[in-house]
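Here are a few short exercises to work through with the model open. Try each task before you read its solution.

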Amino acid sequence: MRKTFIVVFCLLLIGLFPILSSAASSVPYKTETLSADGNVIETQTAYVPIGIFENDAEIVSPEHVFIDDHDYIYIADSGTQLVTKFDEQGNELLKFGEGLLEQPQGVFVSHENHVYVADYAAEKVFRFSEDGELLKEYARPDSPLFGKRTTFKPQKISVDLRGNLYIISEGSTNGIIQMNQDGSFLGFYGVNNSRPSILTFLQDLITTESQKASLFMKVPPAPTNIAIDEKGLIYTITSGTDWEVIRKLNIAGANMLPSDLTDVTNLRDISIGHIGNIYTIGNDGKIYEYDRFGNLLFIFGGKEDESNRNGLFMQPSSIEVDNLGRLYIADKEKGTIQVFEPTDFTAKLHEGLALYAEGFYVESQDNWTEILNLNSSFGLAHTAMGQAFYKQQLYDEALAEFILAENKAGYSDAYWEIRQRWMQENLSKVFVILVGFFILWSAVKFADKKKGVLQPARDAWTKVKSKKLVSELLFILKFIKHPIDSFYYVKRTNTVSVLSATILYFVLFIEYLLTIYWTGFLFSDRNLNDINLFMEMATLFVPIFLFIVANYLVSTITDGEGRFRDIYIGTIYSLVPVILYLVPITIVSNALTINESFVYTFSMQIIIVWSAVILFIMIQEIHNFTFFETVRNILVTIFAMLIIILVFFVIYVLLDQVIEFVLSIIQEVILRV
C-alpha cells in the first residue's frame with residue numbers, strides 16, 4: 001500500500017512538473033523597479049504576454065498602433081500602405097487611404113472620430129472621416145515663419161480637443177509643428193533643450209536675448225515621437241540624448257517632468273494610460289512604465305533571442321494601451337502586434353495610483369499595504385503610505401514611511417508637525433528649566449564672589465591647562481580671534497607640536513565620521529550601509545596630505561620659509577572653524593525642516609570660507625609671502641596636486657600592465673610544462 005502511494009505521488013509530481021515549468025518560464029524576461037534608495041531591483045511580474053493580436057487582415061510592417069476611446073484599434077502599416085481599423089476581437093472594420101497613402105508612420109483619432117495619418121513619403125498629413133472619406137490634406141506650411149529650409153516629413157501626429165495638430169517631423173529641431181484645422185501654421189511648440197553646461201551658464205549670464213541670437217548655439221535634438229493625454233497635455237520622447245528624454249509639456253511648452261528622468265537613449269514610442277501613466281518602449285524591446293509624476297514603476301521586455309517567445313521583440317515600433325490597461329506592442333520586423341495583460345499586482349498598484357493621484361491617500365492605504373506585503377522595497381508605496389498616515393495625523397508613522405521612501409519633502413512636513421506638537425507640550429517646561437538654570441548660575445556666581453566656592457575648580461583647571469599637550473591643544477582657540485599672531489607663534493616659538501597636530505587630525509576624522517552618521521535626514525545623501533572606514537579615511541586625508549606635500553614642494557622652489565613641519569601643523573590649525581563648529585551644526589541639522597535649510601547650508605558655507613581664509617593667512621605667514629605671492633603659491637600648489645595625481649595614475653596603469661604581463665607569462669609556462 002505504501003509503495004503504491006509513493007508511485008502515485010511521483011506520477012502526479014511528474015505530471016504537474018511540465019505545468020509548473022511552463023508557468024515559471026511563461027515570461028521570458030524579468031521585471032524590475034526602483035527601490036526607495038534608487039537602486040534597480042527585481043520585482044513581481046507586472047505584465048504577461050497573452051498572445052498575438054489575431055486579425056483577419058494582412059499586417060506587413062506596422063509602424064504605429066492607436067486605440068481610441070471605444071477601444072477600436074488602428075494600425076498604420078507602411079508595408080501595406082494602409083491604416084486599418086479593427087475591433088477588440090481583431091475583426092477588420094475599415095481601411096483608410098487605399099491608393100492614397102505611401103508610407104503611413106503615425107495615426108491618431110480625435111474626439112470627433114476623425115482619423116489623422118502622418119505620411120512620411122507623401123510629406124503630408126491626411127484627415128479622414130470615421131467612414132474613410134478623405135476630408136483634408138495638410139502639406140508643408142507656406143508661412144514665412146516656418147522657414148524656407150525647414151523640411152516637412154511627418155512621422156507622428158496628435159490632435160488636441162480644439163482640433164489643433166501637433167506634428168513630429170523628421171529633424172525638426174525647432175520643436176513640434178503646430179497647425180490648426182484649416183492648415184494654418186501656428187508655430188513651433190515645445191522645442192527641446194540642450195543639456196546645460198558651464199559655457200551655456202556663462203552665456204546666459206553675460207548676454208542679452210538679441211546677443212544670444214547672433215551667437216553660434218548648440219542645436220537641440222529633435223523630438224522623435226508624441227502622445228497626448230485626456231487633459232490635452234502633450235508628451236514627447238527624444239532618442240539619441242540622455243537629457244529630457246521624456247517630456248510632459250504645459251501650455252507654454254515647458255517640461256513638467258524631471259530633466260534627468262531617464263538616461264535611456266533609444267526610446268521609440270510613447271503612450272499615456274487612462275490614469276496618466278506613461279509607457280515607453282526602446283529599440284532593445286525594453287518597456288518602461290512611469291506614473292504621471294515621472295516615478296519609474298516597471299522595466300520589462302527585451303530583445304528577441306531566436307526562441308520565438310511572446311514577450312520579446314525584434315524591431316519594436318509602437319506601444320499603445322487600452323482602457324483595460326492592456327498593452328499592444330507592434331513589431332515591425334515580425335509584422336505582429338503582441339498583447340500584454342497587467343497582473344493582479346499591477347492592477348492593485350494602478351488602483352492605488354489612481355486614488356493617490358486624486359488625493360485620496362487614506363482610501364488608497366489598503367492597496368499600498370498589500371503591495372508592500374508583496375514587495376517591501378517598492379519606494380512609491382512607502383511614499384503613499386506616508387501620505388496616508390500624514391492625512392490621518394499619524395505623524396510618527398508617516399515619518400518612518402517617508403524615511404523608507406527617501407522622501408525628504410514628506411519627511412519635512414511630518415517632522416514639522418511632530419516638532420510643533422512637542423513644542424506645544426513642552427515649551428513651558430523648557431522655559432522653566434532655563435529660568436531655573438539661570439537662577440542657579442546667578443546664585444553660584446554670587447556665592448563664588450562672597451566665599452570663592454569655584455576657586456578649587458579654577459585651580460584644578462589651571463593645573464590641567466599647564467600641561468604642555470593640553471596647552472597646545474587649547475592653543476587652537478587663539479586662531480579664532482588672532483590667526484596672524486597665532487601662526488607667528490607656531491613658526492617662531494614652537495608653541496604647538498607635531499603630536500598635538502596629529503591628535504587634531506584624529507579629532508577631525510572622528511568629527512567627519514560623526515557628520516556622516518549624525519547629519520539630519522534632510523541634509524544627508526549617504527547610504528550608511530555603504531560606509532567603508534578606510535575609504536572615508538582616504539576621502540578626508542588624501543586631499544589634505546596631498547596639499548601639504550604639494551605646497552611644501554612648491555614653496556621650496558619659490559623661496560618659501562616654511563618647513564614641512566610648519567605646513568603640517570598649520571594646515572590642521574587652519575581648520576579650527578571646522579573642528580569647533582562642525583559637530584554642533586550637524587546636531588542642529590536634525591532639528592530643521594526644508595524651510596529652515598538655509599540655516600544649515602549657510603552655516604556650513606561660513607565655516608568653509610572661514611577655514612579657507614585662515615589657510616590663506618597660514619600660507620602667507622608661514623612662508624613670509626606677500627598677498628600676490630600667496631595667491632600664486634596656492635594656484636601653483638593646486639596645479640602640482642593635479643600633476644601628482646596624474647603621475648600616480650600613470651604609475652598605477654603601468655604596474656597593472658606589468659603585473660598582467662608577468663601573470664600571462666607564468667600561465668603560459670604552466671600550460672607548456
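**Exercise 1. Find how much space lies in the largest cavity of this predicted model, and work out what lines it.**

Step 1: start with the volume. About 50 Å³ of space lies in the largest cavity. With the cut-off set at 30 Å³ or more, the count comes to one cavity.

Step 2: pick out the lining. Ile275, Asn277, Asp291, Arg292, Phe293, Leu353, Ala354, Tyr356 and Ala357 make up the wall.

Step 3: sort these by class. You get six nonpolar, two charged and one polar residue.

**Exercise 2. Decide which part of the chain you should not read in detail.**

Step 1: look at the overall confidence. Mean pLDDT for the chain is 87, with 93% of residues at 70 or more.

Step 2: look for the weak stretch. In residues 1–25 the pLDDT is below 50, and beyond near neighbours in sequence this stretch has one contact in the model.

Step 3: draw the conclusion. Where pLDDT is low, predicted coordinates shouldn't be read in detail.

**Exercise 3. Locate the largest nonpolar core and say what one of its best-connected residues touches.**

Step 1: size it up. The largest nonpolar core holds 89 residues, and Phe298, Leu327, Trp368, Phe378 and Tyr573 have the most contacts inside it.

Step 2: check for another core. A second, separate one has 35 residues, including Val83, Leu101, Ile157 and Ile176.

Step 3: go back to Phe298. Setting aside neighbours within four places in sequence, its contacts include Thr31, Tyr47, Ile287, Phe345, Leu349 and Phe378.

**Exercise 4. Place two residues with positive phi, Glu123 and Gln393, and say how exposed each one is.**

Step 1: recall the background. Most residues other than glycine have a negative phi.

Step 2: take Glu123. Its phi is near 55°, and Glu123 sits in the loop between β9 (115–119) and β10 (124–128). Because its relative accessibility is 35%, Glu123 counts as partly exposed.

Step 3: take Gln393. Phi here is near 60°, and the residue lies in the loop between α6 (379–391) and α7 (395–405). Gln393 has a relative accessible area of 55%, so it is exposed.

**Exercise 5. Is Arg127 buried or exposed?**

Step 1: find it. Arg127 is in strand β10.

Step 2: apply the cut-off. Buried means under 20% relative accessible area; Arg127 has 11%, so it is buried.

Step 3: list its surroundings. Leaving out neighbours within four places in sequence, Arg127 contacts His114, Val115, Tyr116, Glu133, Leu134, Leu135, Lys136, Tyr138 and Gln181.

Terms used
Residues are numbered from 1 along each chain as its sequence is written. This is a predicted model: local features need pLDDT of at least 70, side-chain atom pairs count only at pLDDT 80 or more; totals for chains, interfaces and linings use all residues. Side-chain values use heavy atoms; hydrogens and water are left out. pLDDT is the predictor's confidence in each residue, from 0 to 100. Contact means heavy atoms within 4.5 Å. On a 1 Å grid over the protein atoms alone, a cavity is a set of points where a 1.4 Å probe fits but cannot get out, and a pocket is an open set with protein on both sides within 12 Å along at least five of seven lines; lining residues have an atom within 4 Å of a point. Grid points are joined across faces, edges and corners, and a volume is the space filled by probe spheres set on the points. Ala, Val, Leu, Ile, Met, Phe, Trp, Tyr, Cys and Pro count as nonpolar, Asp, Glu, Lys and Arg as charged, and the others, Gly among them, as polar. A nonpolar core is a set of buried Ala, Val, Leu, Ile, Met, Phe, Trp, Tyr and Cys residues joined through side-chain atoms within 4.5 Å. Buried means under 20% relative accessible area, exposed over 50%, partly exposed in between (1.4 Å probe, protein chains only). Helices (H or I, at least four residues) and strands (E, at least two) are DSSP runs, numbered from the N terminus.
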